[in-house]
Each structure stands twice: as structure tokens, then as C-alpha cells.
Amino acid sequence: MSTLRLLRANGETGDVALNDSGAYARPTSPLRSRIAYAAAHVVPKVHADNTPGQPAEIDWEATLAFRRNVYSWGLGVADAMDTAQRNMGLDAAATRELISRTAEVAREEGGSVVVGVNTDHVAETHISLDQVIAAYLEQLHFTEEQGAGPVLMASRHLARVATDAEDYRRVYREVLSRATVPVVLHWLGTAFDPELAGYFGSDDWRAASDVLLEVIAENPDKVAGVKMSLLNAESEISVRERLPEGVRMFTGDDFNYVSLIGGAAAGSSSARDLAERTGTSREQAVHSGTGRALGDNSGDAAGVRTHSDALLGAFAAITPVASAAIQALDAGDPEAYLRILGPTEELSRQVFAAPTFYYKTGVAFLSWLNGHQPAFQMVGGLHSARSLPHLSRIVELANTSLALEQPDLARERWHGMLRLNGVDA
């Protein structure tokens with residue numbers, strides 16, 4: 001029996017049995033019950049100067065092959081977003097090339113792609129509201145020209161200059177009025193980017209969500225969906241229930257996605273989990289959507305939404321598992337959905353552990369373990385952002401949740417990394 005050597009935080013080592021892969025099958029037809037995007041990372045050239053502050057030199061072959069693999073599992077790709085190291089190593093020139101190249105791959109593969117639209121190509125840290133609008137529009141029009149779906153990301157420039165909620169309403173109103181295709185609005189929480197504190201005019205998610213919903217209500221034909229990345233299931237369910245018809249909720253909650261995507265497939269136990277995490281009663285959690293019957297995004301007869309779709313960095317790390325779980329929902333087997341996807345949530349919580357903005361390291365690490373890139377390297381040297389015991393726990397949980405696609409290769413690479421760092425393996 002093959003074993004995995006693990007490294008604990010106190011320096012002690014131990015062994016666990018190496019599991020087989022999940023042996024999941026790629027779908028033979030499009031996924032139906034959920035729309036799911038994997039927010040993909042970028043792979044740098046191994047020989048590049050991947051140190052902080054240097055321009056990103058991308059290994060395009062490995063980076064685009066990763067996206068083709070995501071498409072082969074029936075998922076869409078969300079690109080040039082925070083998982084691709086926006087504002088953490090991916091410079092403006094590399095971002096534009098990534099958008100252009102990934103849109104071309106989507107056309108070749110017949111896959112769905114959405115990409116991030118931001119203001120981060122502007123070098124100045126403080127600019128006016130008019131300049132924020134102009135910067136958003138520049139990236140928006142470029143994205144539309146490439147044929148990719150726009151995701152209007154939260155802007156650090158806007159967070160710095162906005163003085164109240166009306167400033168947010170004005171910027172989004174003017175940008176959305178110029179969009180030629182519906183966009184997804186991305187609400188990124190401070191766990192992912194502390195510079196976005198007070199976004200939509202308040203540190204209270206309830207007040208901020210009112211502003212977000214007002215923006216959507218003013219522009220109902222220009223908004224295709226909302227991606228919530230607050231790591232707070234209560235806030236997502238609250239906004240989800242209030243969205244206008246035709247506007248989807250895309251969960252970006254890498255802590256609670258199993259119940260949020262599953263709806264009633266999450267069962268009563270997930271309702272209890274939600275109650276524990278949010279402080280609500282089990283009855284309130286069920287009423288909020290966790291315990292309702294599975295259905296389409298239009299909700300039940302009362303118009304209440306029953307589930308979220310997905311736009312997750314976690315799904316880039318566990319693509320075959322995510323695909324298999326949604327295939328189970330397509331087959332009308334919610335028990336299989338829970339059995340397949342449920343164990344991955346603990347893995348995702350480890351990958352996205354505080355400081356959460358370093359989760360990209362775990363995504364790239366799993367990509368390397370699973371054979372999707374030649375080396376554990378990241379733009380800006382970010383592969384050094386997590387400790388060996390942290391990565392060891394990722395290995396352990398990936399093994400437990402059957403997220404190691406080639407277990408023997410993962411074992412070989414991980415043990416080699418341990419030996420390189422002076423740990424017997």
C-alpha cells in the first residue's frame with residue numbers, strides 16, 4: 001500500500017494511506033442543473049524572473065492547456081480575476097494578453113468564458129470618479145471586443161475615492177449604461193482584498209447589499225448575475241432572494257459552496273451547518289433556501305431562489321470533482337452530489353484559510369500536484385506564501401476528498417518537495 005508522508009505544524013511527520021483517484025468521467029453532454037465557472041490561475045515560465053514586482057512572464061502553453069482541461073469537464077472558465085493574481089502579480093499587459101488568448105481558446109473549445117473588468121491598468125493610486133468610470137469603460141470595451149463575458153470587478157480606485165453610496169451608484173450606473181452585453185457584478189470581500197473595505201458605501205453587508213440591489217434595479221437588462229465573495233452564506237442567500245428575475249447568483253463562497261449550490265441537495269445537515277455559521281435557527285436557514293426543493297433559478301411558486309450557480313476559485317482546484325457532483329444533480333441524485341462534493345469543502349477551507357488572499361498558492365500547488373504545470377512556480381514569487389505544514393494539510397485533504405487526479409504523481413512530487421526541504425519522505 002502506498003502512503004503519503006505528512007508534515008505537522010510542530011515538525012513531526014506521519015503517514016496516511018494514499019487513496020485512489022475518484023475515477024470520475026467527463027460529461028458526454030452539457031451540464032444542465034447548474035452553471036459553473038472555475039476561476040483559473042496562471043502558470044509562469046519556469047525560467048522567468050518570478051520575483052515580486054517583476055512583469056509576469058506567462059507559460060501560455062500550460063496556462064491555456066489548464067483552461068482546455070476545465071472545458072473538457074463541462075465547466076466554464078472565469079479568467080483574469082483575482083485567482084489569476086489580479087493586483088497580486090499579474091500586470092496590465094499580461095492581463096490583456098490573457099483575456100485575448102483565453103477568449104480565443106473558448107471559441108476553439110466551444111466553452112463559456114467570462115473575464116474580469118477592472119480599473120487596475122491605471123498606475124496612479126488616487127484618481128477621480130470620472131477617471132474611474134473611464135478606466136472601467138476602457139477595459140469593458142476591450143473585453144467586449146474579444147467576445148468574452150464581462151465581470152465588473154470591485155475597484156480599489158473606486159473604494160479609495162468614493163465618499164458615500166451615491167458615488168457607487170453613479171459609477172455603476174454610467175458604466176452599465178455603456179455595456180453592450182449583460183455583465184456579472186462581482187462583490188469581493190475584505191478577506192480577499194482588505195483595500196475594498198466599505199465597498200458599496202458601507203462596512204455593513206446589509207446596507208451595502210441594498211446599494212448593490214438598487215444598482216441592479218436601475219439597470220435590469222444590463223446585469224446577468226452577481227458573484228458574491230464575502231465568505232458569508234447568510235449575506236449571499238439574502239441577496240439571492242431579492243434578485244430580479246433573470247439575474248443569477250454566482251456563489252464565490254469557497255467556504256460554504258456545497259449547500260449554496262446544492263439547495264435541498266445539501267439536506268437538513270447543511271441547514272444546521274448554515275445555522276451554526278450565521279447564528280440563525282435551523283428553520284430560518286431552511287426558509288432562506290438551504291432546505292428547499294431543487295429547481296431552476298427562477299425559484300419556487302413564491303419566487304424564492306433555491307440555489308446559487310458557481311463562479312469559484314475552488315473549482316479550479318477540484319475541477320473533476322465539481323463536474324462529477326453537478327453531473328449527479330443532472331441525474332437526479334442529490335445524495336451522490338453530497339457524497340462527491342461534500343468532502344471538498346474542508347479542503348477548500350484550508351486552501352482559503354487566512355490570510356485568504358494567499359489562496360492562489362493552494363490552487364497553483366494542486367495544479368502542480370495534479371500534473372497541470374511543470375513546476376510549483378507562481379508569478380511574483382507567490383508560491384512562497386504558504387508554509388510546508390499548510391501545504392501538507394492540503395495534500396492530506398485532497399487525498400481524503402479524492403481530489404488528487406494522479407495520486408502516484410502527486411505523491412512523487414510532494415515527497416520530492418519534502419526532501420528538498422530537509423524532511424525525510
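This passage describes strand pairing, salt bridges and enclosed spaces in a predicted model. Local features were taken only where pLDDT is at least 70 and side-chain atom pairs only at pLDDT 80 or more, whereas totals for chains, interfaces and linings use all residues. Residues are numbered from 1 along each chain as its sequence is written, and side-chain values use heavy atoms, with hydrogens and water left out.

Helices (H or I, at least four residues) and strands (E, at least two residues) are DSSP runs numbered from the N terminus, and two strands are taken to pair if DSSP finds at least two bridges between them. Strand E8 (residues 223-229) runs parallel to strand E9 (residues 248-251), and four bridges join the two. Between these strands the chain passes through helix H7 (residues 233-242), in a β-α-β crossover that is right-handed; that is, with the strands pointing away from the viewer, the path from the first strand over the helix to the second runs clockwise. Strand E9 is also joined, by two bridges, to strand E10 (residues 309-312), and these two run parallel as well. Thr251 of E9 stands opposite Met228, and has Ala310 as its bridge partner in E10.

Across the whole structure, 22 salt bridges were found, each defined as a side-chain nitrogen of Lys or Arg within 4 Å of a carboxyl oxygen of Asp or Glu. Residues are called buried under 20% relative accessible area, exposed over 50%, and partly exposed in between (1.4 Å probe, protein chains only). Arg248 forms a salt bridge with Asp309, with the closest N and O atoms 2.7 Å apart. This pair links strand E9, which holds Arg248, to strand E10, which holds Asp309, the two residues being 61 residues apart. Asp309 is buried, at 0% relative accessibility, while Arg248 is partly exposed at 28%. Arg206 forms a salt bridge with Glu234, the closest N and O atoms being 3.7 Å apart. Because Arg206 lies in helix H6 (residues 205-218) and Glu234 in helix H7, this pair ties together parts that are 28 residues apart in sequence. Arg206 is partly exposed at 43% relative accessibility, as is Glu234 at 25%.

Empty space was located on a 1 Å grid over the protein atoms alone, where a cavity is a set of points at which a 1.4 Å probe fits but cannot get out, a pocket is an open set with protein on both sides within 12 Å along at least five of seven lines, and lining residues have an atom within 4 Å of a point. Grid points are joined across faces, edges and corners, and a volume is the space filled by probe spheres set on the points. The largest pocket holds about 310 Å³; it is lined by 17 residues, of which Pro30, Leu31, Gly74, Leu75 and Gly76 are the closest to its centre.

Five cavities of 30 Å³ or more are present. The largest cavity, with a volume of about 120 Å³, has 13 lining residues, and Asp82, Arg86, Asn87, Leu188 and Asp193 are the closest to its centre. The second largest cavity encloses about 70 Å³ and is lined by 15 residues, with Asp82, Thr83, Lys227, Gly313 and Tyr359 nearest its centre. Strand E7 (183-188) and strand E8 each supply at least two residues of this second lining.
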